[in-house]
Amino acid sequence: MAINGIGYGSTVLGQSVRNLNDQLTTLSAQLTTGKKATTYAGMGVNEGFAIAARGQLSNISAFTDTMTKITTTINVADTALQALVNIGAQVQNAASASSQALNGAGQTIAQQNAASQLGSMLGILNTQSGDRYVFSGGAIDTPAVTDADTLLSGSGAQAGLKQVIAERNQADLGGGLGRLVLSAPATTPITLREDVSPSAFGLKLNSVSSSLTGATVTGPTGSPPTVSIALGANPNGGDQISLKFNLPDGSTETVQLTASSAVPTPAGSFAIGATPAATSANLNAALNGAIGTLANTSLVAASAVAAAADFFADPPQRVAGAPLATATALTNGTAANTVSWYSGENGAGPARASSIARIDQSITVQYGARATEQGIRNQLQSVAVLAAVASTGPNAAAQVAALSQRVTHNLTAQPGQQTIQDIQADLSIAQNTMKDATARQKQTQAMLQNIVDGAESVAPEQVASQILALQNALQASYQTTAMLSQLSLTKFLPI
């Protein structure tokens with residue numbers, strides 16, 4: 001009978017050694033990579049949870065990248081806005097200074113400073129964060145505003161702010177009395193009326209009050225509105241009449257005249273004549289002078305401020321018709337005849353909503369900004385009008401003083417009106433929202449990473465312990481194999 005040898009590879013012991021080697025190879029790979037396997041199939045039953053967790057981790061990573069970019073944009077915007085706030089304060093302080101000395105060009109040092117700061121403001125409003133223009137709303141690839149020279153002086157057939165101011169000045173002044181018509185000196189009663197109604201220009205009669213003894217004062221009534229002053233007797237010294245006017249910029253001014261017997265007649269007074277008719281003629285002359293001064297000082301300043309508001313409106317407004325001195329209405333300016341100072345997106349929605357980003361599954365932030373926002377536009381037009389106006393003639397100093405007073409007021413925060421600080425506050429809310437989202441996402445990220453690690457990763461110390469145990473088992477197997485290899489059939493046969 002033939003006895004066949006037993007091959008090592010087919011023995012149970014051999015198979016066990018191979019299994020131990022395979023396990024040792026797997027554990028060595030785990031120790032090197034820190035992972036259970038290099039394929040999903042080798043990860044075990046919990047890999048489905050790990051795959052889902054990885055998807056969520058990827059979303060969090062994308063949200064983090066988005067918030068990093070938005071934070072950079074907001075920081076750039078906030079720095080720019082703070083620079084605008086500082087410029088506004090500097091211009092306001094300069095405009096409110098007591099010195100109103102004019103240079104040869106008809107401007108004060110404050111106005112020259114405003115011209116320089118206007119260029120700075122426009123440069124700031126064209127600030128970029130990366131490849132996006134911060135103050136262009138949704139048109140992130142378009143510069144927000146034009147340059148200072150074009151804004152002030154125009155370009156070709158496009159009128160700039162200076163031309164718009166000059167045209168409105170003519171329409172508001174009319175023949176020199178601010179579009180008011182005063183009766184002839186010898187006329188009784190005295191009448192003062194607006195030249196035409198309705199009209200968008202000139203001084204508007206608001207009210208009249210009188211303490212003139214024996215006088216009958218009525219109005220303003222009718223169309224066009226008219227005030228009538230009839231002196232039935234000579235007033236007493238110290239008696240007064242006051243007329244209040246509405247100006248184009250929304251401000252009001254009062255002309256007050258006092259009856260006086262003093263010689264010479266004091267400023268702000270009218271002479272009491274020998275008869276009521278003579279006194280009426282004196283009052284008429286005093287009214288003519290006082291209203292003329294008002295028209296050529298405060299009205300000129302108010303007209304410039306109103307013209308700046310017209311220029312910065314959307315669309316810009318221009319005086320309609322010719323001659324300008326008798327015009328009654330405004331009309332829309334066009335891209336062909338008026339400089340468009342803003343070139344960005346100017347949709348109907350809120351400025352902040354012009355840029356929206358999702359920073360979490362259920363959270364978005366709004367961080368857009370436009371140069372046309374009220375807080376920015378108000379400051380820009382105040383600085384621009386101060387820079388644009390040049391005053392000459394006997395009333396120049398008073399015109400500059402009236403303009404400076406209005407600019408100082410307009411650069412002061414007004415109740416119910418947006419300020420640049422309000423824009424900064426809006427952006428701060430977006431930043432805080434992102435900070436809160438980041439904190440939550442970090443907690444979620446840690447939890448999800450634990451799920452992934454639990455499903456896919458191995459503990460190095462545990463794997464090392466298993467490798468040591470396998471090495472001991474393998475060594476024992478090899479020793480057993482060596483012993484068995486020394487056995488032969490002859491050792492079991494009798495001699």
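Thr338 is in contact with Gln158, Ala159, Phe311, Pro316, Arg318 and Gly333, leaving aside its neighbours within four places in sequence. In this predicted model, Thr338 is found in the loop between strand 12 (329-332) and strand 13 (356-360). Its relative accessibility is 1%, so Thr338 counts as buried, the limit for that class being under 20%. One of its partners, Phe311, also takes part in the contact between helix 5 and helix 7 described below.

**Overall composition**

- The protein contains 11 helices and 14 strands.
- Of its 495 residues, 41% are buried.
- Among contacts between residues at least 6 apart in sequence, 68% join residues at least 24 apart.
- The exposed area of the protein is about 24,000 Å², and carbon and sulfur atoms supply 55% of that area.

**Helix 5 and helix 7**

- Two packed helices are described by the angle between their axes and the distance between the axes.
- The axes of helix 5 (residues 161-173) and helix 7 (residues 298-311) come within 8 Å and cross at roughly 130 degrees.
- Helix 5 and helix 7 are therefore oblique to each other, since an angle of this value falls outside the ranges for roughly parallel, roughly perpendicular and roughly antiparallel.
- The crossing of helix 5 with helix 7 is right-handed.
- On the side of helix 5, the contact is made by Leu161, Val164, Ile165, Arg168, Asn169, Asp172 and Leu173.
- On the side of helix 7, the contributing residues are Leu299, Val300, Ser303, Ala304, Ala306, Ala307, Ala308, Asp310 and Phe311.
- By class, this contact of helix 5 with helix 7 comprises 11 nonpolar, two polar and three charged residues.

**Helix 5 and helix 8**

- Helix 5 also meets helix 8, with axes that come within 10 Å and cross at roughly 75 degrees.
- Helix 5 and helix 8 are therefore roughly perpendicular to each other.
- Leu161, Lys162 and Ile165 of helix 5 make this contact with Ala384, Val385 and Ala388 of helix 8.
- The contact of helix 5 with helix 8 has five nonpolar residues, no polar residues and one charged residue.
- Leu161 and Ile165 are among the helix 5 residues in the contact with helix 7, and they are likewise among those in the contact with helix 8.

**Helix 8 and helix 9**

- The axes of helix 8 (residues 374-388) and helix 9 (residues 396-410) come within 9 Å, crossing at roughly 165 degrees.
- This angle makes helix 8 roughly antiparallel to helix 9, a description that applies to angles over 145 degrees.
- Helix 8 and helix 9 cross in a left-handed manner.
- Helix 8 contributes Ser382, Val385 and Leu386 to the contact, while helix 9 contributes Leu403, Ser404, Val407 and Asn410.
- Four nonpolar, three polar and no charged residues form the contact of helix 8 with helix 9.
- Val385 of helix 8 takes part in the contact with helix 9 and also in the contact with helix 5.

**Gln317 and strand 11**

- Gln317 lies in strand 11, which spans residues 317-320.
- With a relative accessibility of 19%, Gln317 counts as buried, because the class requires a value under 20%.
- The C-alpha atoms of Gln317 and Thr331 are separated by 5.5 Å, although the two residues are 14 residues apart along the chain.
- Apart from neighbours within four places in sequence, Gln317 is in contact with Val164, Asp310, Leu330, Thr331, Asn332 and Gly333.
- Gly333 is in contact with Gln317 and also with Thr338.
- Val164 and Asp310, which are in contact with Gln317, are also among the residues of the contact between helix 5 and helix 7.

**Backbone features**

- Most residues other than glycine have a negative phi, and most peptide bonds are trans.
- Arg179 has a positive phi of about 65 degrees although it is not a glycine.
- Arg179 lies in the loop between helix 5 and strand 3 (180-182), and its relative accessibility of 4% means that it counts as buried.
- The peptide bond from Ser223 to Pro224 is cis, with omega near 0 degrees.
- Pro224 lies in the loop between strand 6 (215-221) and strand 7 (226-231).
- Ala322 and Pro323 are also joined by a cis peptide bond, with omega of about 0 degrees.
- Pro323 is located in the loop between strand 11 and strand 12.

Methods: Residues numbered from 1 in each chain as written. Predicted model: local features only at pLDDT ≥ 70, side-chain atom pairs only at ≥ 80, totals over all residues. Heavy atoms only, no water. Helix = DSSP H or I, 4+ residues; strand = E, 2+ residues; numbered from the N terminus. Buried < 20%, exposed > 50% of the residue type's maximum accessible area, 1.4 Å probe, protein only. Contact = heavy atoms within 4.5 Å. Areas by Shrake-Rupley, 256 points an atom, 1.4 Å probe, with all protein chains shown as cover. Axes fitted to C-alpha atoms, helices over the stretch in contact; angles between N-to-C directions. Parallel < 35°, antiparallel > 145°, perpendicular 65-115°, else oblique. Left-handed = near helix turned anticlockwise from the far one by under 90°. Nonpolar A, V, L, I, M, F, W, Y, C, P; charged D, E, K, R; others polar.
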